[in-house]
Amino acid sequence: KRYPVAPFKDTLFYVYNKVGSFSAESRANAITEKIRKLYEETFFEKDSIAVVPSDISQDIIYKNDFIIMSILDIDAKAENQTASSIANRNLNLIKKAIIYQNENYSMLPKRLGYTALLILIIGVVLYFVGKIFNRIKYHILKNSDRYFKGFKYNNITILSPQKQQFILMKLFSFVKGLTLILIVYLSLPLLFSIFPATEAYTTTLLHWILSPAKLAVMGFVHF
């Protein structure tokens, strides 16, 4: 029985034989998913896909390390052709299918649109968070006489109202800056997740911030 490889509805070719523990159907499904993965590649390089002979098969490989499929002698016998001819035929079919999909249904404009929208949203959030901090600062400074009394001990001025205001405003500015940086940092995983090539950075960035946070929470709970 033959199983179709149809990543974009239309069948490109068929898989007839199993290899080891992989059934013909499993092989066809795996090849289909790999072709779809190539299509999702942000900048597909058509010249980077090639047939590479090995001792037992003809491999169709992308960028020297991503094996799309392997054609063995048993596959060649099923179609009464050589493994090399089938490999080159399948290579051209895969390449043409991906190029056609990119030209007619490219995901790049959509991803760029999502990126622009997300950057706009981040900018709006930063703007309003900054406005909130500025309003709080304005309120504090307007009522500085109420909030800044200084600090005395035994009639000795340890901290004048002006110095107290200066220190707290510096601290306030630090908290504001840290908040804005944190918003941008937490937005980066969303930006990176839009493009498959940078999607792996999403987990890394979240791990960098969530691991210390988890340790801090666990430390506080045990304390």
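Which residues form a nonpolar patch on the surface?

## Surface patch

Seven names make up the answer: Leu117, Leu120, Ile121, Val124, Val125, Tyr127 and Phe128. Together they offer about 660 Å² of accessible area. The model is predicted.

Take Leu120 as one member of the patch. Leu120 sits in helix α4, which covers residues 108–142. Its relative accessible area is 54%. Leu120 therefore counts as exposed, since the cut-off is over 50%.

## Overall fold

The chain has 223 residues. Of these, 29% count as buried. A residue is called buried when its relative accessible area is under 20%.

Seven helices and seven strands make up the secondary structure. Along the sequence they run β-β-α-β-β-β-α-α-α-α-β-β-α-α. The pattern opens with two strands, followed by a helix.

## Internal cavity

How many cavities of 30 Å³ or more does a search of the whole structure find? The search finds one. The largest cavity holds about 70 Å³ of space.

Its lining is made of 13 residues. Tyr14, Val15, Met69, Asp75 and Glu79 lie nearest the centre. By class, the lining has six nonpolar, three polar and four charged residues. Three elements each supply at least two lining residues: β2 (13–15), β5 (66–71) and α3 (83–105).

## Two lysines with positive phi

Most residues other than glycine have a negative phi. Two lysines in this model have a positive one.

Lys9 has a phi of about 80°, although it is not a glycine. Lys9 is found in the loop between β1 (3–5) and β2. Is Lys9 buried or exposed? Lys9 is exposed, because its relative accessible area is 79% and the cut-off for that class is over 50%.

Lys63 has a phi of about 55°, and it too is not a glycine. Where is the place of Lys63? Lys63 lies in the loop between β4 (58–62) and β5. At 33% relative accessibility, Lys63 counts as partly exposed. That value falls between the cut-offs for buried, under 20%, and exposed, over 50%.

## Where the features sit

The strands β2 and β5 come up twice. Each supplies at least two residues of the cavity lining. The loop with Lys9 runs between β1 and β2, and the loop with Lys63 runs between β4 and β5. Helix α3 also contributes at least two residues to the lining, while Leu120 of the surface patch has its place in helix α4.

Note on methods: Residues numbered from 1 in each chain as written. Predicted model: local features only at pLDDT ≥ 70, side-chain atom pairs only at ≥ 80, totals over all residues. Heavy atoms only, no water. 1 Å grid on protein atoms, 1.4 Å probe; cavity = no way out; pocket = protein on both sides within 12 Å on 5 of 7 lines; lining within 4 Å. Points joined across faces, edges and corners; volume = space filled by probe spheres on them. Helix = DSSP H or I, 4+ residues; strand = E, 2+ residues; numbered from the N terminus. Nonpolar A, V, L, I, M, F, W, Y, C, P; charged D, E, K, R; others polar. Patch = residues over 30% accessible without salt bridge, like charges linked within 9 Å, V, L, I, M, F, W, Y side chains within 5 Å. Areas by Shrake-Rupley, 256 points an atom, 1.4 Å probe, with all protein chains shown as cover. Salt bridge = Lys/Arg side-chain N within 4 Å of Asp/Glu carboxyl O. Buried < 20%, exposed > 50% of the residue type's maximum accessible area, 1.4 Å probe, protein only.
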